[in-house]
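Please walk through this model with me, starting at its metal sites and moving outward to the helices, a hairpin and the nonpolar cores.

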Amino acid sequence: MKVSRRHFLLGSAAVALSACTGGGSDDSEARPTLPTADPAPAPSSTSATVPAPPLPAGVFGLGVASGDPLPDRVILWTRLLPARGEVPAVDIPLHWEVATDQAFGEVVSSGSSVAAVADGHAVHVDAMNLRPDTRYWYRFRAGDQVSPVGRTRTTPADDAAVAGLRFGFASCQNYQSGRYGPWRDAAASDLDLVVFLGDYIYEGAGSPVGRGVVRSHRGGEATTVAQYRDRYAQYRSDSDLQAAHAACPWAVVWDDHEVDNNYANDRSEDASVPSAAFLERRAAAYRVWWEHMPVRLPHPDGPNLRIYRTQRFGTLASFLLLDGRQYRTDQACGDRTLDASPACPEVTSPGRTMLGAEQEQWVGEQLAASTATWDVLANQTVLTNVMLGQAVLNYDQWDGYPDARRRLVDQLRRGGKTNRVVITGDIHLGAVGVVTHVDGAIRTPVATELVGTSISSGALLPVGTEGLISGFPDVRYANLRNRGWTRCEVTPEAWTAQYRVTDDETSADAPLRTDATFVVRPNRVGAERQ
Ligand code: FE
Ligand code: CA
């Protein structure tokens with residue numbers, strides 16, 4: 001069945017396309033230009049009969065991306081937007097193809113789609129009928145223009161034993177505070193997957209270059225669809241970020257800055273903003289996030305969008321991709337930071353939540369049902385306890401939600417499993433922690449936490465507090481100084497995490513180095529430094 005489907009696709013669009021491209025080339029720099037009158041009879045195609053309107057040059061200026069891979073399919077993404085000129089305000093037909101080789105000699109899946117005006121000319125294609133655990137190349141064509149070529153891969157079958165997974169996780173890429181050297185490094189690392197933990201954009205207004213501002217945001221603080229779109233377009237115009245997207249599939253969740261700093265559910269950072277007005281902004285922000293991310297999620301309609309979901313990699317790893325912003329209770333005690341006085345009573349009031357009741361229940365069910373070698377929580381804020389006595393140093397983190405953390409820790413320790421790893425972003429520092437269940441004097445480690453530093457966003461804490469952070473009983477390592485990403489090599493026996501950092505975030509070309517390497521084993525909670 002699968003074979004005949006593949007041959008059908010090969011027999012129609014693919015053969016016609018390879019005839020047009022003259023067989024393609026191994027050199028991905030030499031992008032073939034396809035004639036507009038391409039007669040390719042693509043399945044369910046309209047592109048052959050509805051010619052595209054004239055398009056400005058460089059219409060694939062934001063590159064391509066792929067994401068949410070499954071054993072038989074993967075999401076392909078692009079958005080038509082050139083650096084100069086405008087895309088006509090009409091729906092634009094386009095064609096896509098997936099091949100087993102970079103030269104597109106063997107196209108195994110192809111079809112037509114539409115870059116809709118309503119979506120800002122963003123396109124999501126779910127390319128199906130692919131083989132599991134296989135590398136593919138993909139590209140789009142609109143009018144006579146062909147996109148850059150992206151590389152992606154499907155995941156192994158859900159029940160397949162897997163020898164290894166090489167993935168990276170990252171977060172917090174403020175465009176203003178650094179170049180994307182870490183993405184250049186990640187793009188060159190032959191990864192199977194990137195997990196992005198949020199703060200893809202920062203919503204704030206542009207600041208002049210200087211005092212930690214390396215390059216300026218365009219425009220004021222984003223609050224509307226048009227403004228968020230322009231912000232994503234500016235970020236995605238960066239060639240290192242484009243390269244990282246084109247190198248492998250991503251699994252993406254958001255944090256706060258995709259909407260508004262430290263928002264909580266329907267509460268803006270600015271307490272004077274009425275909930276109804278903030279939800280309108282949230283709807284715009286969620287919609288534009290969806291437009292720009294290679295995600296297999298329903299088209300957003302209004303202020304709510306469920307993005308928490310699983311990403312599996314055979315029997316080796318199961319990622320629970322979490323949303324710690326949309327459902328949370330407002331930060332307690334005025335959302336103070338670095339205040340050493342004892343926490344106000346609000347912080348321990350019962351019922352406060354980080355994930356919301358439904359997501360919490362879902363996490364418990366997923367963990368209980370999982371048979372994966374590694375169960376991974378892809379999470380935003382720090383879960384490890386870093387309280388200073390009775391003081392909460394950052395009310396935005398799990399420390400500010402002790403009752404919710406206790407419930408999550410109970411879920412993590414159920415069944416006595418030792419294979420739980422939490423990967424965390426948001427806090428702009430690299431660290432390793434141990435999530436610990438405390439019952440009087442009995443302390444039981446329940447999960448290992450790997451906190452990744454920011455891609456570019458500046459340190460939130462003074463570098464002098466590094467000793468304080470790494471001195472907490474449940475913390476093994478802290479690096480506040482460096483920007484970077486975390487490279488993970490995961491096998492059934494060991495999870496090796498390399499903290500890749502740059503010493504000059506103002507330079508896109510500065511080399512990255514490994515600041516620290518930690519190894520976690522599935523039968524023991526905690527990471528050992530190598
Ligand atoms: Fe951030
Ligand atoms: Ca954040």
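Donors are N, O and S atoms within 2.8 Å of the metal (3.2 Å for Na, K and Ca), and water is not among the atoms, so sites may look incomplete. This is a predicted model, in which local features need pLDDT of at least 70 and side-chain atom pairs count only at pLDDT 80 or more, while totals for chains, interfaces and linings use all residues. Residues are numbered from 1 along each chain as its sequence is written, chains are lettered from A and ligands numbered from 1 in the order in which they are written, and side-chain values use heavy atoms, with hydrogens and water left out.

The calcium ion (ligand 2) is held by carboxylate OD atoms of Asp199, Asp255, Asp256 and Asp426, at 2.1 to 2.5 Å, and along the chain these donors follow the spacing D-x55-D-D-x169-D. Taking buried to mean under 20% relative accessible area, exposed over 50% and partly exposed in between (1.4 Å probe, protein chains only), Asp255 counts as buried because its relative accessibility is 0%, and Asp256 likewise counts as buried, at 1%.

Asp199 also reaches a second metal, since this residue bridges the calcium ion (ligand 2) and the iron ion (ligand 1), which lie 3.6 Å apart. The protein donors of the iron ion (ligand 1) are Cys172 (SG), Asp199 (OD), Tyr202 (OH) and His428 (NE2), lying 2.0 to 2.5 Å from it, with the sequence spacing C-x26-D-x2-Y-x225-H. The angles among the four donor atoms run from 86 to 170°, and the site is irregular; four donors would count as tetrahedral if all angles lay between 85 and 135 degrees, or as square planar if opposite donors were over 155 degrees apart and all others between 65 and 115 (six count as octahedral by these same limits), and anything else is irregular. Cys172 is buried, at 0% relative accessibility, and Asp199 is buried with a relative accessible area of 0%.

Helices (H or I, at least four residues) and strands (E, at least two) are DSSP runs, numbered from the N terminus. Helix H6 (residues 357-369) has 13 residues and reaches 18 Å from its first C-alpha to its last, close to the 18 Å expected at 1.5 Å a residue, where the expected span is 1.5 Å times one less than the number of residues. Its buried residues are Gln359, Glu360, Trp362, Val363, Gly364 and Leu367, and what covers them includes E12, E13 and helix H7 (402-413).

Strands E12 and E13 form a hairpin with three residues between them, and Gly314 in the turn has a positive phi of about 55°. They run antiparallel and are joined by five bridges (two strands pair if DSSP finds at least two bridges between them). Along E12, Arg309, Gln311 and Phe313 point to one face and are buried, while Thr310 and Arg312 point to the other and are not; Arg312 stands opposite Ser318 in E13.

A nonpolar core is a set of buried Ala, Val, Leu, Ile, Met, Phe, Trp, Tyr and Cys residues joined through side-chain atoms within 4.5 Å. The largest one has 70 residues, among which Phe167, Trp183, Trp289, Ile423 and Trp495 touch the most other members. Helix H5 (residues 275-292) contributes the largest share of this core, seven residues. A second, separate core of 23 residues includes Leu76, Ile92, Trp96 and Tyr138.

Key. Contact = heavy atoms within 4.5 Å.
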